[in-house]
Amino acid sequence: MKSFIKEFKNFAVKGNMIDMAVGIIIGTAFNNVVNTLVKKVVMPPLSLLTDDVNLNERKYILREAAEDVQEVAIGYGELIEVLIDFLVIALTIFVVIKGINRFKKKAEDPKNKTVETPKNIELLSNIERLMQEQNALLKKKKP
């Protein structure tokens, strides 16, 4: 039991749990932004294009409601809104990751002097350059 507690303490203290918590909080806030974007920005023009039909209320009725029986319907309009939410989120994440990767490539390029190269990339670049020089010298010695 002590090893379990020690392992959990290491997990929590090293920042994994804090990183997860921050990610979940940001994800929740991002979800609210996307929901508002879809419901207040994207859906009104779509509704206007479809003669003021609110997609959220669109459904295919399988069984009409009766005196003591509830209506059974497939809510395809809500599905369309959720799919639009998904597309907005996927596109946003794609653009953010693409931007991060662009900065990462610049940072890992040892020839780019505008961005400070991480030490490990710089060392690997130096080793690669020295190996190329060594190979060139060895090729010259082999006549």
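This is a short talk on one protein chain and its surface.

Good morning. A word of caution at the start: the model on screen is predicted.

Let's begin with the overall layout. The chain has 143 residues. How many helices and strands are there in the chain? There are 4 helices and 2 strands. Read from the N terminus, their order is α-α-β-β-α-α. Helix H1 covers residues 2-13. Helix H2 covers 16-49. Strand E1 is 60-63, and strand E2 is 72-74. Helix H3 runs 76-108. Helix H4 takes residues 119-141.

Now some totals. Just 12% of the residues count as buried. The accessible surface comes to about 12600 Å². Carbon and sulfur atoms own 64% of that surface. Next, contacts. Take those in the chain with a separation of 6 or more. Within that group, 29% join residues 24 or more positions apart.

Let's stop at helix H1. Find Ala12, which sits in this helix. Is Ala12 buried or exposed? Neither label fits, because its relative accessibility is 22% and buried means under 20%. Ala12 counts as partly exposed. Which residues does Ala12 contact, leaving aside neighbours within four places in sequence? Met17 and Ile18. Ile18 belongs to the stretch 16-49, and so does Met17, since helix H2 spans those residues.

On to the salt bridges. Here is the general idea. Side chains of opposite charge can pair when their charged atoms come close. A search of the whole structure turns up 2 salt bridges.

Take Glu71 and Lys59. Their side chains meet at 2.8 Å, N to O. Where do the two residues sit? Glu71 is in the loop between E1 and E2. Lys59 is in the loop between helix H2 and E1. They are 12 residues apart, and the pair links distant parts of the chain. Both partners are partly exposed: Glu71 has a relative accessible area of 33%, and Lys59 has 41%.

Now Glu133 and Arg129. This salt bridge is 3.3 Å, again N to O. Both residues lie in helix H4. Why are they separated by about one helical turn? Because they are 4 residues apart in that helix. Glu133 is partly exposed at 40%. Arg129 is partly exposed too, with 40% relative accessibility.

Next, the surface patches. There is a nonpolar one of about 530 Å². Which residues make it? Tyr60, Leu62, Val72, Ile74, Tyr76 and Ile80. Strand E1, strand E2 and helix H3 each supply at least two of its residues. Look at Ile80, in helix H3. Its relative accessible area is 30%, so Ile80 is partly exposed.

There is also a positive patch. Lys98, Arg102, Lys105 and Lys106 form it. Pick out Lys105, another residue of helix H3. Is Lys105 buried or exposed? Exposed, because its relative accessibility is 63% and the cut-off is over 50%.

To recap. The chain runs α-α-β-β-α-α. It holds 2 salt bridges. One links two loops, through Glu71 and Lys59. The other lies within helix H4, through Glu133 and Arg129. Helix H3 supplies residues to the nonpolar patch, and it also holds Lys105, a member of the positive patch.

Thank you. I'm happy to take questions.

Conventions: Residues numbered from 1 in each chain as written. Predicted model: local features only at pLDDT ≥ 70, side-chain atom pairs only at ≥ 80, totals over all residues. Heavy atoms only, no water. Patch = residues over 30% accessible without salt bridge, like charges linked within 9 Å, V, L, I, M, F, W, Y side chains within 5 Å. Areas by Shrake-Rupley, 256 points an atom, 1.4 Å probe, with all protein chains shown as cover. Salt bridge = Lys/Arg side-chain N within 4 Å of Asp/Glu carboxyl O. Buried < 20%, exposed > 50% of the residue type's maximum accessible area, 1.4 Å probe, protein only. Contact = heavy atoms within 4.5 Å. Lys, Arg positive; Asp, Glu negative; His and termini not counted. Charge placed at Lys NZ, Arg CZ, Asp CG, Glu CD.
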